[in-house]
Amino acid sequence: MIQAILVFNNHGKPRLVRFYQRFPEEIQQQIVRETFHLVLKRDDNICNFLEGGSLMGGSDYKLIYRHYATLYFVFCVDSSESELGILDLIQVFVETLDKCFENVCELDLIFHMDKVHYILQEVVMGGMVLETNMNEIVAQIEAQNRLEKSEGGLSAAPARAVSAVKNINLPEIPRNINIGDLNIKVPNLSQFV
């Protein structure tokens, strides 16, 4: 089972942190730092798996990682997972990001965090691998994008809420609201309509 997915840059700044096992925030930060230091000190021509750090459970856990340009993609898994399978999963995740963002870079992970998490949830949920077919994942992402466009997206939600309130047909705006012993005086709102 996948315990955590960490993506950080060459300087150790986390760009994506997803834990599938409950840890206090301080421990999560220590895990990210320890994982970064373990991965950073490895040479590029050494294999991409190593035993997990002391905070993740030691020898029962493995860190499987890939280094792409300025980003490290690290999957922390237990001993039941296949190292080569997880390496392939990292490749699928990165290629999917690349397809969705057209030449993905670190800034895409920063400024489109919601979309990155959605893509990750299409691949892994609850520490279990859901989908490894990149075409199926991209099709689901495109369907989500179409749905957001048809609804006007999240950015249009406040405008839709304001127009819905403006379109309420009240014969007269109430000036006093009485709830039991509570009396609320409503200010004149005509300047906002």
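## Exercises on salt bridges, strand pairing and a nonpolar patch

The count comes to 2 salt bridges, a salt bridge being a side-chain nitrogen of Lys or Arg within 4 Å of a carboxyl oxygen of Asp or Glu. The model is predicted, so that local features need pLDDT of at least 70 and side-chain atom pairs count only at pLDDT 80 or more, while totals for chains, interfaces and linings use all residues. Residues are numbered from 1 along each chain as its sequence is written, and side-chain values use heavy atoms, with hydrogens and water left out.

**Exercise 1.** Determine which parts the salt bridge of E106 and R15 ties together, and whether E106 is buried or exposed.

*Solution.* Begin with the contact itself, in which the side chains of E106 and R15 meet at 2.7 Å, N to O. Next, place the two residues: E106 belongs to helix α3 (residues 106-111) and R15 to strand β2 (residues 14-19), so the pair ties together parts that are 91 residues apart in sequence. Here helices (H or I, at least four residues) and strands (E, at least two) are DSSP runs, numbered from the N terminus. Finally, E106 counts as buried because its relative accessibility is 16%, where buried means under 20% relative accessible area, exposed over 50%, and partly exposed in between (1.4 Å probe, protein chains only).

**Exercise 2.** Treat the salt bridge of K62 with E83 in the same manner.

*Solution.* The closest N and O atoms of K62 and E83 are 3.2 Å apart. K62 lies in strand β4 (residues 61-68) and E83 in helix α2 (residues 83-101), so this pair ties together parts that are 21 residues apart in sequence. As for cover, K62 counts as buried at 13% relative accessibility, whereas E83, at 26%, is partly exposed.

**Exercise 3.** Describe the cover of strand β1 and its pairing with β5 and β2.

*Solution.* Start with cover: in strand β1 (residues 2-9), 8 of its 8 residues are buried. Then take the pairing, which requires that DSSP finds at least two bridges between two strands. β1 and strand β5 (residues 71-78) run antiparallel and are joined by 7 bridges, with F73 of β5 as the bridge partner of V7. β1 also pairs with β2 in the antiparallel sense, over 5 bridges, and P14 of β2 is the bridge partner of F8. Lastly, the hairpin of β1 and β2 has 4 residues between the strands, and G12 takes a positive phi near 90° in this hairpin.
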